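The following exercises concern the structure shown below. Each consists of a task and a solution that proceeds step by step.

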Amino acid sequence: MKTQFDISQLIENGKILNELDFERALIADRKLRVLAKENPKFKTTRKKLRDLIEQYESQNWNSNSKISDKQLRESDVAELIAEKERQFIQRRKELIRKKLKDLDLTQQDFGKILGHSSKSYISELMNGVSPFSLKDLIVINRLLKIDLTDLVPTFLPQSDRKKINKTIEKLNNPKLKLSKNDLAIV
């Protein structure tokens, strides 16, 4: 089970399908730029990602197309969600690093505990370039004593929030209610 955006899945699909993935791809591109300096293997991934970004921009944001108010709103919300995810990943990374330091463990040692032998893969996980597996998150929770709410993002894309709200309305169950903030981007 994946708990966050997966760059390799996006590249495998060969296309960015929505504003949220576009914003996520822009953030991932910046991360890959830094990682590529440490490990040249990321240059290829970054090139493929940049090609997808360019393709999406030319199809959805070119100067010849009429950009609607709805498209601008979707872009603003997607940018907000992607930034919240980036902040979440950064905070999670800092929490894990602090716990590793307290335990005198290196990132590479920790990777071995998780069953990942590649140093660059651990870097990908820590930087949010690749998602932690559910098993990884459980091990981190139990071994490092980091609360799951600090390891797993709990906000949903707008499309999911809308679907959930519409379904709840259709069910018309008075016992099942959400406040406006229950599914809000926190």
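**Exercise 1. Determine which residue with a positive phi follows helix 6, and establish how helix 6 is covered.**

Step 1. G128 comes after helix 6 and has a positive phi, near 75 degrees. Helices are DSSP runs of H or I with at least four residues, and strands are runs of E with at least two, numbered from the N terminus. The model is predicted: local features require pLDDT of at least 70 and side-chain atom pairs pLDDT 80 or more, while totals for chains, interfaces and linings use all residues. Residues are numbered from 1 along each chain as its sequence is written, and side-chain values use heavy atoms, with hydrogens and water left out.

Step 2. Helix 6 spans residues 119-126, and six of its eight residues are buried. Buried denotes under 20% relative accessible area, exposed over 50%, and partly exposed the range in between (1.4 Å probe, protein chains only).

Step 3. The buried residues are S120, I122, S123, E124, L125 and M126. Their cover includes helix 2 (19-38), helix 3 (41-60), helix 4, helix 5 and helix 7, where contact means heavy atoms within 4.5 Å.

**Exercise 2. Locate D104 and K145, and decide whether each is buried or exposed.**

Step 1. Most residues other than glycine have a negative phi. D104, although not a glycine, has a positive phi of about 55 degrees; for K145, also not a glycine, the positive value is about 60 degrees.

Step 2. D104 belongs to the loop between helix 4 (69-102) and helix 5 (107-114). K145 is in the loop between helix 7 (134-144) and helix 8.

Step 3. D104 is exposed, at a relative accessible area of 70%. K145 is likewise exposed, at 62%.

**Exercise 3. Trace the salt bridges of D21, D29 and R91.**

Step 1. A salt bridge requires a side-chain nitrogen of Lys or Arg within 4 Å of a carboxyl oxygen of Asp or Glu. The whole structure holds 10 of them.

Step 2. D21 pairs with R24 at 3.1 Å, N to O. Both residues lie in helix 2, three residues apart, about one turn of the helix. An α-helix has 3.6 residues a turn, so residues three or four places apart point the same way. Both D21 and R24 are buried, and a network of salt bridges links them with E85.

Step 3. D29 forms a salt bridge with R46, with closest N and O atoms 2.8 Å apart. Because D29 is in helix 2 and R46 in helix 3, the pair ties together parts 17 residues apart in sequence. D29 counts as buried, at 8% relative accessibility.

Step 4. R91 and D150 meet in a salt bridge at 2.7 Å, N to O. This pair links distant parts of the chain, with R91 in helix 4 and D150 in the loop between helix 7 and helix 8, 59 residues apart. R91 is partly exposed, with a relative accessible area of 45%.

**Exercise 4. Identify the residues of the positive surface patch and the helix that gives the most to the patch.**

Step 1. Patch residues have over 30% relative accessible area and no salt bridge; like charges are joined within 9 Å, and nonpolar side chains (Val, Leu, Ile, Met, Phe, Trp, Tyr) within 5 Å. Lys and Arg count as positive, Asp and Glu as negative; His and the chain ends are not counted.

Step 2. The patch is formed by R73, K162, K166 and K170. Helix 8 (residues 158-171) gives the most, with three residues.

Step 3. K170 is placed in helix 8 and is exposed, with a relative accessible area of 74%.

Definitions and conventions. Accessible areas come from the Shrake-Rupley method with a 1.4 Å probe; for residues, only the protein chains shown count as cover. The place of a charge is taken as NZ of Lys, CZ of Arg, CG of Asp or CD of Glu.
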